[in-house]
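User: I would like a close look at how one pair of helices packs together, followed by enough of the surroundings to place that pair in context.

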Amino acid sequence: MVLPASPIAGPAPWQRALAEVIRDPAELLQRLHLDPALLPAARRAAELFPLRVPREFVARMTPGDPDDPLLRQVLPLDLEHAAPAGFATDPVADHRARSGPGVLQKYHGRALLITTGACAVHCRYCFRRHYPYDQDNASRQAWRQAVAHLAGQDDVDEVILSGGDPLTLSDRRLTALTRQLDALPRLRRLRLHSRLPVVLPARVDAGLLDWLGSTRLQTVMVIHANHPRELDGDVATAAASLRGAGITMLNQSVLLRGVNDQVETLAELSERLFEIGVLPYYLHLLDPVLGAAHFDVAEDQARALHRALAARLPGYLVPRLAREQPGAAGKTILA
Ligand SMILES: *Cc1c(COP(=O)(O)O)cnc(C)c1O
Ligand code: SF4
């Protein structure tokens with residue numbers, strides 16, 4: 001649990017919600033009135049990667065539906081024990097891209113900082129589900145080292161805070177970090193990749209907005225929503241506050257079998273994102289991480305879906321179809 005900003009104030013509501021996320025598969029099944037027969041498999045797969053989901057995200061799921069597209073993203077299944085050829089523990093070769101303590105540098109101009117290993121939600125398809133965060137993240141003392149490393153990289157003008165989820169860190173810690181980044185003259189942009197505005201929108205509070213207002217860097221936030229039903233009224237309010245603070249809002253999704261592999265769903269996702277002031281950025285093909293093969297959508301089918309999407313939406317609502325290829329100079333754009 002993160003320390004409160006001041007000993008008098010106590011934890012913020014979002015910090016309490018983060019401390020109270022559902023971790024027990026039995027509780028998740030019970031809340032959604034699902035068949036207890038799902039429990040043994042859920043417990044077995046949770047040993048590979050623990051269950052973790054905020055209560056307010058669960059409240060957006062349909063009770064009694066084991067195929068609910070939000071539930072599918074978080075419920076551990078026996079299918080995760082499958083180990084088909086081509087699926088690996090480090091599918092995007094993060095190990096090779098490590099250029100300093102907690103720093104991943106794959107692409108020109110952009111350095112990615114692993115700020116923490118913690119997330120509010122555990123997404124079963126996560127490509128970092130096997131990442132050795134405890135050995136390599138830029139939190140605590142290591143930040144100083146990571147920033148010192150960045151200071152020596154004179155071709156980097158954008159720092160991407162990633163993880164884990166950087167917004168699980170307290171505003172105080174984030175402010176300390178951006179104060180150091182602000183002092184690097186070459187830096188122009190700060191980018192945040194976070195699922196918190198979606199799964200725990202209470203995170204977007206006055207403290208967070210104060211922090212974002214305190215940096216000199218132009219700020220971009222990439223939220224991660226995969227299905228239109230993730231974007232309820234509270235998410236809309238959070239997105240409006242962020243936009244009000246001058247943040248450019250983008251979304252990236254992963255194309256997931258059984259979650260969003262229908263053109264109607266993807267079109268509604270883009271429409272809903274625009275309604276709340278967020279532009280679609282990337283639609284990623286699944287990274288072939290061990291344990292997530294059942295989410296895979298074949299590349300041909302992905303291209304066909306993307307064509308159908310482009311045929312029915314204005315261009316600015318069509319995300320780029322992308323995949324990450326180890327060693328490439330950027331994401332590989334398929335369409
Ligand atoms: C995806 C990624 C980026 C960002 O790529 P964009 O195409 O700019 O969104 C930067 N660094 C790393 C290591 C990445 O994996
Ligand atoms: S929030 Fe992001 S980093 Fe965390 S488990 Fe989900 S996909 Fe992975």
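In which hand, left or right, does α12 pass α13?

Analyst: This is a predicted model, and everything that follows should be read as a description of that model. In it, α12 passes α13 in a right-handed crossing. The contact behind that crossing is made by V263, E264, L266 and A267 on the α12 side, and by L305, A308, L309 and R312 on the α13 side. Sorted by class, the residues that bring α12 and α13 into contact comprise six nonpolar and two charged ones, with no polar residue among them.

As for the geometry, helix α12 spans residues 263-275 and helix α13 spans residues 299-312, and their axes come within 9 Å while crossing at roughly 50°. Because an angle of that size is neither under 35 degrees nor in the range from 65 to 115 degrees, α12 counts as oblique to α13.

A second helix pair can be set beside this one. The axes of helix α7 (residues 142-151) and helix α8 (residues 171-182) come within 10 Å and cross at roughly 25°. That angle is under 35 degrees, so α7 is classed as roughly parallel to α8. The crossing of α7 and α8 is right-handed, and its contact is formed by W143, R144, V147 and L150 from α7 together with R173, L177, Q180 and L181 from α8. By class, the contact of α7 with α8 has five nonpolar residues, one polar residue and two charged residues.

Turning from helices to strands, the model has an open sheet of ten strands with mixed pairing, whose order runs β1-β2-β3-β4-β5-β6-β7-β8-β9-β10. Strands β1 (98-100) and β10 (332-333) stand at the edges with a single partner strand each, which means that one side of each is left without a neighbour in the sheet. Strands of a sheet pair through backbone hydrogen bonds, in either the parallel or the antiparallel sense. Strand β2 (residues 103-107) and strand β3 (residues 110-114) pair in the antiparallel sense, over three bridges, and within this pairing V103 has L113 of β3 as its bridge partner.

Finally, there is the surroundings of a bound molecule to consider. Ligand 2 is surrounded by C119, V121, H122, C123, C126, G164 and R195. Divided by class, the shell around ligand 2 holds four nonpolar residues, two polar residues and one charged residue.

Technical notes. Residues numbered from 1 in each chain as written. Chains lettered and ligands numbered in written order. Predicted model: local features only at pLDDT ≥ 70, side-chain atom pairs only at ≥ 80, totals over all residues. Heavy atoms only, no water. Pairing = 2+ DSSP bridges. Helix = DSSP H or I, 4+ residues; strand = E, 2+ residues; numbered from the N terminus. Axes fitted to C-alpha atoms, helices over the stretch in contact; angles between N-to-C directions. Parallel < 35°, antiparallel > 145°, perpendicular 65-115°, else oblique. Left-handed = near helix turned anticlockwise from the far one by under 90°. Contact = heavy atoms within 4.5 Å. Nonpolar A, V, L, I, M, F, W, Y, C, P; charged D, E, K, R; others polar. Near = heavy atom within 4 Å.
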